[in-house]
Structure formats: structure tokens, C-alpha cells
Amino acid sequence: MSVKPLLHTLLVKPAGPDCNLGCTYCYYLDKQKLFSQAAPHRMSDEMLENLIRQAMQQSGDVIFFAWQGGEPSLMGLPFYERVIEFQKRYGQGKVVGNALQTNGTLLDVSWALFLKKHSWLVGLSLDGPEPIHNRYRLNRNGEGSHQRVEETARMLLGEGVATNVLCCVTDYSSQFPDELYDYYKDLGLIWMQFIPVVEPDPRDGSKAAPYSLEADAYGHFLIRLFDLWIADFRSGQPITSIRFFESLFYRYVGMDSPECTFQKTCGSYLVVEHNGDCFPCDFFVEPRWKLGSIREQNLIDMFHSSKQKAFGQSKVLLPPKCSRCAWRKKCYGACIKDRIKDPSDLLHPRFCRSYQMLFTHADPTFRYLAEEWSQQQKILQKYGHSGKLYDATKDFRSRFPDA
């Protein structure tokens, strides 16, 4: 009899789709039509307490909350002080992690002190130097937001807040891998995440939006980014962290990737909207994939529901050509949303060609790094130690407090 997995990660949208910016490529602002009430959308204290109580009761020894949006800082700092209060009240000694994914425009030193004190991770949306960032990341008046976000980045790093950068890669920014990488590194944002953008054209629903990333452009971008990452290795270790490549490395040492993009199936976490509605993925917050609500149901029951399982298994449904691909067990067709966001071609993973280009280029280096790592593990295990990839829970515990 198989053992059902425990709840591990929740992605929470406390302000729903509300945001103080109006980024051109944002897919979540449109989610306001899902809710009968008009903006502002805000999670109540009662809903928050219910959420955290359930999460603590229905998870294992470790539970991770990712606070996203929209823009989660619209909730105000007192809301997150109550988050800590409830986590301590219901924590039962568990290891609790928190991350705030933010556009950074509303944060100040008081936020930084709170985030540092409680060991929160911050994911800062910053698309690169000013001309690149301001291409699509605009405020509601159509003005660029770069200056304010860069100021926030410097402030967070100066206060010692653990800060990662999230860059949305578009048709435009894909032309500048060197500029992006060097900019982040010079700023001190050495933990980097790059997300390819592809969305339907709002003016012509039969094709992808013009800012969407093309497969060949993404392939060339990944190859150059990989070379920059490798060139910065010192004594066999990277001095920067690029989540995409590190997640792939897990596959090369025979382990499941921590990133759902490269897992065989989806459905490893739950999304909780401001009103308690739950969904299997934040790219699929839509009526047909609604799992229920914490107002009437338990998180763990929705996590193990038939609809959640059906969503997870939908990733396995790949076109025939994928079964013949030499790289299938490395990418597993990648992210489901990248297969369906281009209405002109719903049958093929949009970035299939991108990954083939990268693997053809990077496979020998990945194999070499994997062999080096395996040899190191044999030495470490001989003396009773284990490497980071074999002890992810220990690594997690070192970064977050007990609640």
C-alpha cells in the first residue's frame, strides 16, 4: 500500500490578483474576473488563521509558505506579523519556511528588519538593467519601475536579507544574457531565477502575445547563460546560483529535481487564494481546476483529491515525438503552461527546441560535473558525511527557524 505524501509547500495569494504595477506580460491581473467581489481583495485574519492552523496540522516536520500575488506586500507589514504569530501558535515545533515574492516597490527598512529577523527569503522581480526592466515592467501610469526596485534590492542586501532575483525572460530580454548576468552579479544578486514568458495575445486569441519568448531565442539565451555560469566556477564550485541549471543537475545525479518544471508529474504543492479557494498551480488558477476551499475542506484532502492527481498526471501526456527524444527523462516536457499558452500550437511543448539546443551544448559538462560530484560523495560517505543533494532537509532546517 503506497503512503500518501504529506503537505510540504503552500503558495499563498493573500492579496489575490491585486497589484500596484501593470506589467505588460502579467498573467495574473486578469484573475480578478474569478471573484465576485471588486478589488481590493484581501485575506481576512480569520482565513489566515484557518490556513496556518490546517497547514501545521496536516504537514510533516517541514512546511514552506510562499507568499505571492499579485503583489503580497499590499497586505501591509502587520499582516505578516500575524503570520508569524499564528505559525508560532500552531507550529508544534515544526521547521517553518517563508518566502515573499515581490515587485519590491512597497518595501522599506521596516520590512527588511522584519524579513531578516524571521529568516524570510525574498524573491525580487527585477528584469535587469533599466532599459530591459522598463520595457515591460511598468506602473499603472505606464512609467518604468526600475529605479525603485533597484533601490529596494540594494536596501535588502544592505540589511542582510536573503534575496533572490526573479527575471522574466521575454522576446526582448533574451537578447541580453551577458548584460543580465553581469548586472545581477555586480548588484550582489547571485541567486538567480529565469522564467520564460509566453502568453496568449489579448488582441488575437489565435496566437501568442508578441512579447512571448521564441524557442530558438530561448535556446541561445540558455546556452550563453550556461557558459557564463560555468565560467564563474571556482575550485569546482559555482559562485552564482542559477536555479534552472541546478535543478537540471539533480537529474544528472539520478535524483528528482526540486523544481516542478523538471519533475515527471505536477501537483506537488497547493495554491491558496485570498478567499480560501485552492488550486494545483498558480498558472492554472481557473474554474476547471478549482479543488475546493479551506472554508469547507481540509488542505490535505484537496492535496490528495482526484482532481489534483488528474492535474499532476496531465504532464505525462506528451506528443509522440517526446517519447523518441533522447532528453525526455531530463525535462519531461518541462512546464505544462508552456505547452498551452500559444494557441497556434497546442500539441507541442513550446520550448522543446530550446532544451534540445541546451542539452546538446551542455550535456558533456553536466556529465563531468555529475561524475566529479559522485566521486566527492564516495569520499564524504566514507567518513560519515553526505553532500547537499542527499540531505536537502538538513539544508532546509539550517535556513529556517523552528516554530
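## Helix against sheet

A quick word on angles before we start: axes here are lines fitted to C-alpha atoms, and the angle between two of them runs from 0 to 180 degrees between N-to-C directions. With that in hand, look at helix α1 in this predicted model. Helix α1, residues 45-57, lies across β1, β2, β3 and β10, and it runs at about 145 degrees to β2.

## The sheet as a whole

So what order do the strands take? Reading across, we get β9-β6-β5-β4-β3-β2-β1-β10-β11-β12, an open sheet of 10 strands with mixed pairing. At the edges sit β9 (241-242) and β12 (292-293), each with pairing on one side only.

Further in, β1 (residues 7-13) pairs with β10 (residues 270-273) in the parallel sense, over 4 bridges. Looking for a residue pair to pick out there? Val 12 has Val 272 in β10 as its bridge partner.

## Strand β3 and its neighbours

Now for β3, residues 95-102. On one side β3 pairs with β2 in the parallel sense, with 6 bridges between them; Phe 65 has Asn 98 of β3 as its bridge partner. Strand β4 (residues 121-125) also runs parallel to β3, joined to it by 4 bridges, and here Thr 102 is matched with Leu 124 in β4. Getting from β3 to β4, the chain passes through helix α3 (residues 109-117) in a right-handed β-α-β crossover. There's a right-handed β-α-β unit leading into β3 as well, made of β2, helix α2 (residues 77-90) and β3 itself.

How buried is β3? 8 of its 8 residues are buried, so the strand is largely enclosed by the rest of the structure. In a regular strand, side chains alternate between the two faces of the sheet. For β3, both faces are covered: Val 95, Gly 97, Ala 99 and Gln 101 are buried on one side, while Val 96, Asn 98, Leu 100 and Thr 102 are buried on the other.

## Val 161, a buried loop residue

Val 161 is in the loop between α5 (146-158) and β5 (163-169). Is Val 161 buried or exposed? Its relative accessible area is 3%, and buried means under 20%, so Val 161 counts as buried.

What does Val 161 touch, leaving aside residues up to four places away in sequence? The list is Ala 112, Leu 115, Lys 116, Trp 120, Val 122 and Leu 156. Lys 33 is another story: Val 161 and Lys 33 are 128 residues apart in sequence, and their C-alpha atoms are 35 Å apart in space.

Terms used: Residues are numbered from 1 along each chain as its sequence is written. This is a predicted model: local features need pLDDT of at least 70, side-chain atom pairs count only at pLDDT 80 or more; totals for chains, interfaces and linings use all residues. Side-chain values use heavy atoms; hydrogens and water are left out. Two strands pair if DSSP finds at least two bridges between them. Helices (H or I, at least four residues) and strands (E, at least two) are DSSP runs, numbered from the N terminus. Contact means heavy atoms within 4.5 Å. Buried means under 20% relative accessible area, exposed over 50%, partly exposed in between (1.4 Å probe, protein chains only). A crossover is right-handed if, with the strands pointing away from the viewer, the path from the first strand over the helix to the second runs clockwise.
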